[in-house]
Amino acid sequence: MALTPDPAAVGVAVVKMRNPPVNSLSLEFLTELLISLEKLENDKTFRGIIITSDCPGIFSAGLDLLEMYGRDPAHYAEYWKAVQELWLRVYLSSLVVISAINGVSPAGGCLLSLSCDYRVLANNPKYAIGLNETLLGIIAPFWFKDMLVNTIGHRAAERALQLGLLFPPADALQVGIVDQVVPEDQVQSTSRSVMAQWLAIPDHARQLTKNLVRKPTADRLLQQRDADIQNFVRFISRDSIQKSLHVYLEKLKEKKG
Amino acid sequence: VKMRNPPVNSLSLEFLTELLISLEKLENDKTFRGIIITSDCPGIFSAGLDLLEMYGRDPAHYAEYWKAVQELWLRVYLSSLVVISAINGVSPAGGCLLSLSCDYRVLANNPKYAIGLNETLLGIIAPFWFKDMLVNTIGHRAAERALQLGLLFPPADALQVGIVDQVVPEDQVQSTSRSVMAQWLAIPDHARQLTKNLVRKPTADRLLQQRDADIQNFVRFISRDSIQKSLHVYLEKLKEKKG
């Protein structure tokens with residue numbers, strides 16, 4: 001994964017996610033992302049981050065199912081803690097975080113972009129975005145649900161979550177899961193323009209306001225992080241869930257093979 | 001209620017007190033069932049909180065002022081009367097809060113009449129109950145962006161985002177407010193009032209449960225050197241504009 005200052009914008013870093021083939025959020029990749037984010041937060045020269053993908057056609061496929069299948073409870077707990085940590089760090093970041101979505105973005109990929117301050121999506125009909133967990137036979141954690149409700153409203157989120165909807169660009173814009181849809185070759189430049197608008201606001205006022213709005217949602221997880229981890233471990237360890245994941249992983253193999 | 005505190009209907013302590021007395025009279029007078037709040041200062045609905053009450057004063061004054069601001073919000077927000085704002089001028093920050101607290105907002109279609117919570121542009125932040133008002137009205141995502149960017153929405157955008165309910169030609173603002181009022185007053189009072197309270201009580205309670213703490217937070221925040229400095233810079237800019 002590349003972490004570079006944006007040559008076109010002072011104080012802006014570009015995080016180019018690269019974990020081929022599909023930017024799965026494996027434990028290793030999550031750790032890399034967390035380290036990068038921490039560096040940026042501690043480096044006062046950076047005020048904004050653009051998160052994008054360096055894997056063609058895909059923003060992020062989301063959580064790495066191999067971390068959640070056929071492993072032991074201790075591993076599931078370690079993995080879930082890292083997933084929580086990524087969400088909290090992005091969601092509560094004092095920097096302006098914009099996702100330049102240049103590929104498909106299901107499940108965890110969608111969560112990552114929902115956690116940002118702003119979402120720009122490339123106008124490619126293949127680049128659908130949404131929380132599609134139900135299609136895999138699993139369910140989105142409550143804080144994924146909270147993100148979606150906050151962004152598109154209760155009713156739309158309820159339907160999208162239950163149906164596991166993946167929204168192509170026009171629908172994604174209309175329902176509000178992304179803020180802008182632009183031609184594919186304008187995603188990065190648009191993200192930079194939007195970033196400039198956000199960076200024009202006095203940092204302390206913007207940061208305190210961001211925290212004011214986001215803290216209640218983050219607290220709902222912070223107050224029960226360990227319980228949430230235990231819930232996840234119990235849930236993912238269930239025979240029925242392991243079976244669902246097995247079926248899905250086999251389907252993926254068939255597609256490739 | 002034709003607000004008149006020239007030049008810009010700033011919500012000074014004195015003006016807040018006048019408004020609160022008027023509201024109390026109306027609530028106690030059973031002949032009144034509705035209020036239309038509008039401005040008698042051309043081009044401005046209300047510029048919002050009076051920065052002179054928040055700059056270069058002592059903590060006791062800040063506390064007195066903030067208590068009055070809270071009181072205005074609570075009285076308008078929980079009023080048993082139907083309250084409609086006929087927004088006939090620019091409406092930033094506290095002016096926006098006042099209109100968000102009403103049951104319904106009619107805005108004049110004049111591109112200069114922008115409305116929004118622009119506190120970040122002054123280097124300060126909106127209190128949590130201002131934020132709650134905006135989230136309730138336009139939704140979480142839109143409110144989050146509007147608050148951080150300190151957005152002031154001109155009429156077309158204001159309607160589209162939902163921060164106002166209707167946009168009409170400037171000479172129809174008062175008559176439209178009256179028509180809307182008639183619709184609301186057609187509902188049996190007790191049913192409408194209990195329903196209004198049902199919907200609004202959770203939001204109001206979030207402040208009521210911590211009014212004193214909110215006052216102390218405000219006093220601490222506004223007294224900070226960095227915040228006093230931001231206000232000073234902004235007040236100097238305003239002087240330059242006028243001079």
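Begin by selecting Asn217(B), which in this predicted model lies in helix α9 of chain B, a helix that runs over residues 211-223. With a relative accessibility of 39%, Asn217(B) counts as partly exposed, because that class lies between the 20% limit for buried residues and the 50% limit for exposed ones. Add Ala63(B) to the selection and draw a distance between the two C-alpha atoms: the separation is 9.6 Å, although the two positions lie 154 residues apart along the chain when counted from one to the other.

Next, display the whole of chain B as a cartoon, where 10 helices and 10 strands can be traced. The radius of gyration of chain B is 17 Å, close to the 18 Å that the globule rule gives for 243 residues, so chain B is as compact as a globular protein of that length. Turned onto its principal axes, the C-alpha trace of chain B spans about 50 × 40 × 35 Å. If contacts in chain B with a separation of 6 or more are drawn, 77% of them join residues that are 24 or more positions apart.

Now switch chain B to a surface view. Its accessible surface comes to about 11100 Å², and carbon and sulfur atoms contribute 55% of that area, while buried residues account for 53% of the 243 residues in the chain. Colouring by charge brings up 27 positive and 26 negative charges in chain B, whose mean positions lie 3 Å apart.

Staying in chain B, select Pro6(B) and Pro7(B), and look along the peptide bond that joins them, which is cis with omega near 5 degrees. Pro7(B) sits in the loop that connects β1 (2-3) to β2 (10-11) of chain B. Then move to chain A and select Pro20(A) and Pro21(A), where the peptide bond is likewise cis, with omega near 5 degrees. Here Pro21(A) belongs to the loop between β2 (12-17) and β3 (24-25) of chain A.

The next stop is a pair of alanines with unusual backbone settings to inspect in turn.

- Ala93(B) has a phi near 45 degrees, a positive value in a residue other than glycine; it is part of helix α3 (residues 93-100) of chain B, and at 14% relative accessibility it counts as buried.
- Ala107(A) also shows a positive phi near 45 degrees and is not a glycine; its place is in helix α3 (residues 107-114) of chain A, and its relative accessibility of 13% puts it among the buried residues.

From there, select helix α4 of chain A, residues 142-152, which is mostly covered, with eight of its 11 residues buried. Among the buried residues of α4(A) are Trp143(A), Phe144(A), Met147(A) and Leu148(A), together with Asp146(A) and Asn150(A). Just past the end of α4(A), Gly153(A) adopts a positive phi of about 95 degrees.

Finally, use Leu148(A) as the way into the interior. In soluble globular proteins, nonpolar side chains tend to be buried together. The largest nonpolar core in this model has 160 residues, and Leu148(A) is one of those with the most contacts inside it, alongside Ile51(A), Ile177(A), Trp129(B), Leu134(B) and Ile163(B). Centre the view on Ile177(A) and show its surroundings: leaving aside residues up to four places away in sequence, Ile177(A) touches residues including Leu148(A), Thr151(A) and Ile152(A), as well as Cys110(A), Leu114(A), Ile129(A) and Phe167(A).

Conventions:
Residues numbered from 1 in each chain as written. Chains lettered and ligands numbered in written order. Predicted model: local features only at pLDDT ≥ 70, side-chain atom pairs only at ≥ 80, totals over all residues. Heavy atoms only, no water. Helix = DSSP H or I, 4+ residues; strand = E, 2+ residues; numbered from the N terminus. Rg over C-alpha atoms; globule rule 2.2 N^0.38 Å. Buried < 20%, exposed > 50% of the residue type's maximum accessible area, 1.4 Å probe, protein only. Contact = heavy atoms within 4.5 Å. Areas by Shrake-Rupley, 256 points an atom, 1.4 Å probe, with all protein chains shown as cover. Lys, Arg positive; Asp, Glu negative; His and termini not counted. Charge placed at Lys NZ, Arg CZ, Asp CG, Glu CD. Core = buried A, V, L, I, M, F, W, Y, C linked by side-chain atoms within 4.5 Å.
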